[in-house]
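Student: Hey, got a minute to walk through this one with me? I'd like to start with a helix.

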Amino acid sequence: MPQDVIHRATGGSHLTTTSASAVALPDDVILSVENLEVGFGLRATRPVRAVRGVSFTIKRGETLALVGESGSGKSVTAMTVMRLTEYDGARITGGRIVMRLKDGSITDLTKLSEKRVEALRGFELSIVFQDPMSSLNPVFTVGDQIAEAVIRHQGKTPRAAREIALNVLKLVRVPDAARRLDQYAHQLSGGMRQRVMIAMALACRPSLMILDEPTTALDVTIQAQILDLVRALQREIGMSVLFITHDMGVVAEIADRVCVMLQGEIVESGSVNQIFASPQHRYTRALISAVPRLGSMASKDAPEKFPLVLYQAEQELTETAE
């Protein structure tokens, strides 16, 4: 993703927004996505409907996992909540994204101008991408990058913003945080860079943080530490999380509720206990079965294909027949 788009995702002009008329939310709901439609290449011969009638809500302090294989539309949905897909040529063709802001007002994000959306990114809602090296600027120190959003959104002096940057690095359990402030991204390990990205996302205490496959590139030990960190931060500051992943093992660890996406649609949703105890859709069952289990092949003469692969093959045969 281009650096200017990353900048728009984590900072922007210090502006305010107003409530959209005739928009309401239940008191405990932070975000409501309603019948969202997103398309690419709409003027092409064969436009792509990447998101098709997607609806879900996220409550205050809740973690909602949006789950599916690559190409299912989960990341496009998350990026559309941030209003970033438009930089990739996408267009919102239907539905709305309603959010409760810190001041209690309620607004439809799809109706806002780009400048007004920039004011919300990093302040009301933020995102952590999968690869921190593509998001962190290599020519600025960690401290400067975290402080930038604080200065833009909160009008703090550089000294005060640096103090906030130091505190937020400590919040995400970065050891020797004072020294890390003056380091560059290439001087940090992969797990430490991801903590810095989370620190940047948390600097202005957003109501909602989107995590787009934040642990995919990390080894399992660091992945567990990052997941523990997210849970701890939720308890400490009460934020809501939209967690994007294809890994049902991660979902079981971190989610309160789950929405399963397939070909741009939500095919099943429910609490994490419901989804794992009694999955209703065949695709959901295939995803759960695809989670590797130690010893599951012990009695087999040769490795077998995962149910998810078999499901995809059946789908392709069905589509070809039609």
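Tutor: Sure, take α9: 18 residues, reaching 26 Å from its first C-alpha to its last, close to the 26 Å expected at 1.5 Å a residue. The expected span is 1.5 Å times one less than the number of residues. Helices here are DSSP runs of H or I with at least four residues, strands are runs of E with at least two, and both are numbered from the N terminus.

Student: What kind of model is this, and how are residues numbered?

Tutor: It's a predicted model, where local features need pLDDT of at least 70 and side-chain atom pairs count only at pLDDT 80 or more, while totals for chains, interfaces and linings use all residues. Residues are numbered from 1 along each chain as its sequence is written, and side-chain values use heavy atoms, with hydrogens and water left out.

Student: Okay, back to α9. Which of its residues are buried?

Tutor: Gln 223, Ile 226, Leu 227, Leu 229, Val 230, Ala 232, Leu 233 and Gln 234. Buried means under 20% relative accessible area, exposed is over 50%, and partly exposed is in between, using a 1.4 Å probe and protein chains only.

Student: And what do those buried residues pack against?

Tutor: They pack against β3 (63–67), α6 (158–171), α8, β7, β8 and α10 (248–254). Contact means heavy atoms within 4.5 Å.

Student: What comes after α9?

Tutor: Gly 238 follows, and its phi is positive, near 70°.

Student: Which residues other than glycine have a positive phi?

Tutor: Arg 205 is one of them, with phi near 50°, and Glu 213 also has a positive phi, about 50°. Arg 205 is found in the loop between α8 (190–202) and β7 (208–212), and Glu 213 is in the loop between β7 and α9 (220–237).

Student: Are those two buried or exposed?

Tutor: Arg 205 counts as partly exposed because its relative accessibility is 41%. Glu 213 is at 9%, so it counts as buried.

Student: What about α8, how much of that is buried?

Tutor: 12 of its 13 residues are buried, so α8 is largely enclosed by the rest of the structure. Among them are Arg 193, Gln 194 and Arg 195, as well as Met 197 and Ile 198. For length, the 13 residues should span 18 Å at 1.5 Å a residue, and the end C-alpha atoms are 19 Å apart, which agrees.

Student: Switching to strands. How many residues of β7 are buried?

Tutor: Five of its five. In a regular strand the side chains alternate between the two faces of the sheet. In β7 both faces are covered: Leu 208, Ile 210 and Asp 212 on one side, Met 209 and Leu 211 on the other.

Student: Which strands does β7 pair with?

Tutor: Strand β6 (residues 125–128) joins β7 through four bridges, running parallel, and strand β8 (residues 240–245) pairs with β7 in the parallel sense over five bridges. Two strands pair if DSSP finds at least two bridges between them. Leu 125 has Leu 208 as its bridge partner in β7, and Ile 210 has Leu 242 in β8.

Student: Which strands make up the open sheet, and in what order?

Tutor: Four strands in the order β2-β1-β4-β5, with antiparallel pairing. β2 (48–59) and β5 (106–108) stand at the edges with a single partner strand each, so one side of each is left without a neighbour in the sheet. The twist averages 0° from one strand to the next. Helix α2 (residues 74–81) packs on the sheet, touching β1 (29–40), β2 and β4, and its direction makes about 115° with that of β1. Axes are lines fitted to C-alpha atoms, for helices over the stretch in contact, and angles run from 0 to 180 degrees between N-to-C directions.

Student: How many bridges between β1 and β4, and between β4 and β5?

Tutor: Eight join β1 to β4, where Leu 31 stands opposite Met 99. Three join β4 (residues 90–100) to β5, with Val 98 partnered by Asp 108. β4 and β5 form a hairpin with five residues between them, and Gly 104 in the turn has a positive phi of about 95°.
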